[in-house]
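Trainee: I would like to look closely at a single part of this model, with the rest of the chain brought in where it helps.

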Amino acid sequence: ALPIDVSVAAPVPAAFTGEVSVVIDKTIEIKRAEVDEIAEAMFSSNAGMIPPEQAAAARASIRKDAIRQLTLQALLKRECEKTGVDVTAEEVDAFFAKASAGRGTMEGVAARSGMPMDKFRAMLTTNLRIDKLLTAKVGDLPAPTDAQLKERFDTIVAANPEAVKVPEMVEASHILVKVDDATKDEDAKKKIDEVRAQLLAG
């Protein structure tokens with residue numbers, strides 16, 4: 001495990017919030033504006049998949065995710081500075097090229113995410129530094145075995161059984177009934193309506 005104490009990070013009490021959302025070890029502050037910027041970028045990238053009636057709840061959830069992401073990022077960035085992990089501009093360019101798989105320029109991706117280019121590049125630099133840190137810490141560890149994965153899965157299911165339940169769902173686009181030449185249209189429609197009612201009733 002990484003020698004990082006995440007317990008030192010906590011939301012600032014409401015009475016002391018002001019422009020700060022999170023304080024870490026009384027030395028690192030995550031500004032509300034940072035949270036707003038990341039949360040809005042995350043929401044915008046998923047807005048097309050969020051129903052309008054769920055937008056408010058989605059924004060609140062995404063904001064919590066943004067705070068967690070920025071908090072963890074700040075802790076890992078501090079660890080990078082402690083251990084001297086750094087990257088070059090060429091490494092950042094190569095990192096972006098690999099991550100984007102040639103699907104756009106850095107400027108274009110930054111524009112679509114709503115972030116200024118300098119902040120977008122700074123974010124990539126931080127992410128690459130963290131990636132190098134984690135690789136150095138855990139890169140030589142063996143991959144988990146099937147038994148270990150199953151044990152972890154069973155633990156998660158035991159703690160939250162609902163997480164793996166999938167609602168039963170049957171979707172029918174057409175209801176067909178067998179008729180002959182003597183069957184009247186009204187009788188066929190009545191039969192279809194009966195079948196449909198039975199399906200809707202489960």
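Which residues does Met 115 touch, not counting residues up to four places away in sequence? Please take the region around that residue slowly, and then place it within the whole structure.

Mentor: The model is a predicted one, and what follows should be read with that in mind. Leaving aside residues up to four places away in sequence, Met 115 touches Ala 110, Phe 120 and Met 123. Met 115 itself is found in the loop between H4 and H5. Its relative accessible area is 11%, and because buried means under 20%, Met 115 is classed as buried. There is also a link to a remote stretch of sequence to consider, since the C-alpha atoms of Met 115 and Glu 40 are separated by 9.9 Å although these residues stand 75 residues apart along the chain.

The two helices on either side of that loop deserve attention next. In general, two packed helices are described by the angle between their axes and the distance between the axes. Helix H4, which covers residues 106–113, packs with H5 at an angle of about 105 degrees, the axes being 9 Å apart; that makes H4 roughly perpendicular to H5. On the H4 side the contact is made by Met 106, Glu 107, Val 109, Ala 110 and Ser 113, and on the H5 side by Met 117, Phe 120, Arg 121 and Leu 124. Ala 110 and Phe 120, which belong to this contact, are also among the residues that Met 115 touches.

Helix H5 has a further partner in H3. The axes of H3 and H5 come within 10 Å and cross at roughly 90 degrees, which makes H3 roughly perpendicular to H5. From H3 the contact draws on Ala 89, Glu 91, Val 92, Asp 93, Phe 95 and Phe 96, while H5 contributes Phe 120, Arg 121, Leu 124, Thr 125, Asn 127, Leu 128 and Lys 132. Phe 120, Arg 121 and Leu 124 thus appear in the H3 contact and also in the H4 contact.

Within the H3 and H5 pairing there is a salt bridge between Asp 93 and Arg 121, whose closest N and O atoms are 3.0 Å apart. This pair links distant parts of the chain, with Asp 93 in helix H3 (residues 89–100) and Arg 121 in helix H5, 28 residues apart. Both partners count as partly exposed, Asp 93 at 39% relative accessibility and Arg 121 at 24%.

Further along H5, which spans residues 117–138, one comes to Val 138, a residue that counts as partly exposed at 40% relative accessibility. Together with Leu 134 and Leu 141, Val 138 makes a nonpolar surface patch of about 240 Å².

The salt bridge just described is one of seven that the structure holds, and two others make a useful comparison. Asp 36 forms a salt bridge with Arg 63, the closest N and O atoms being 2.5 Å apart; Asp 36 lies in helix H1 (residues 32–46) and Arg 63 in helix H2 (residues 55–83), so the pair ties together parts that are 27 residues apart in sequence. Asp 36 is partly exposed, with a relative accessible area of 36%, and Arg 63 counts as partly exposed at 23%. The other pair, Arg 68 and Asp 65, has its closest N and O atoms 2.2 Å apart, and as these residues are three apart in helix H2, about one helical turn separates them. Here Arg 68 is exposed, with a relative accessible area of 52%, whereas Asp 65 counts as partly exposed at 30%.

Ala 60 lies in helix H2 as well, and its relative accessible area of 42% makes it partly exposed. Its C-alpha atom is 9.0 Å from that of Ala 39, with their positions 21 residues apart in sequence.

Finally, the whole chain supplies the setting. The protein chain has seven helices and three strands, and read along the sequence it follows the pattern β-β-β-α-α-α-α-α-α-α. Of its 202 residues, 21% are buried, Met 115 being one of the buried residues. The protein chain exposes about 15000 Å², of which carbon and sulfur atoms supply 57%. Among its contacts between residues at least 6 apart in sequence, 56% join residues at least 24 apart.

How values were computed
Residues numbered from 1 in each chain as written. Predicted model: local features only at pLDDT ≥ 70, side-chain atom pairs only at ≥ 80, totals over all residues. Heavy atoms only, no water. Patch = residues over 30% accessible without salt bridge, like charges linked within 9 Å, V, L, I, M, F, W, Y side chains within 5 Å. Areas by Shrake-Rupley, 256 points an atom, 1.4 Å probe, with all protein chains shown as cover. Salt bridge = Lys/Arg side-chain N within 4 Å of Asp/Glu carboxyl O. Helix = DSSP H or I, 4+ residues; strand = E, 2+ residues; numbered from the N terminus. Buried < 20%, exposed > 50% of the residue type's maximum accessible area, 1.4 Å probe, protein only. Axes fitted to C-alpha atoms, helices over the stretch in contact; angles between N-to-C directions. Parallel < 35°, antiparallel > 145°, perpendicular 65-115°, else oblique. Contact = heavy atoms within 4.5 Å.
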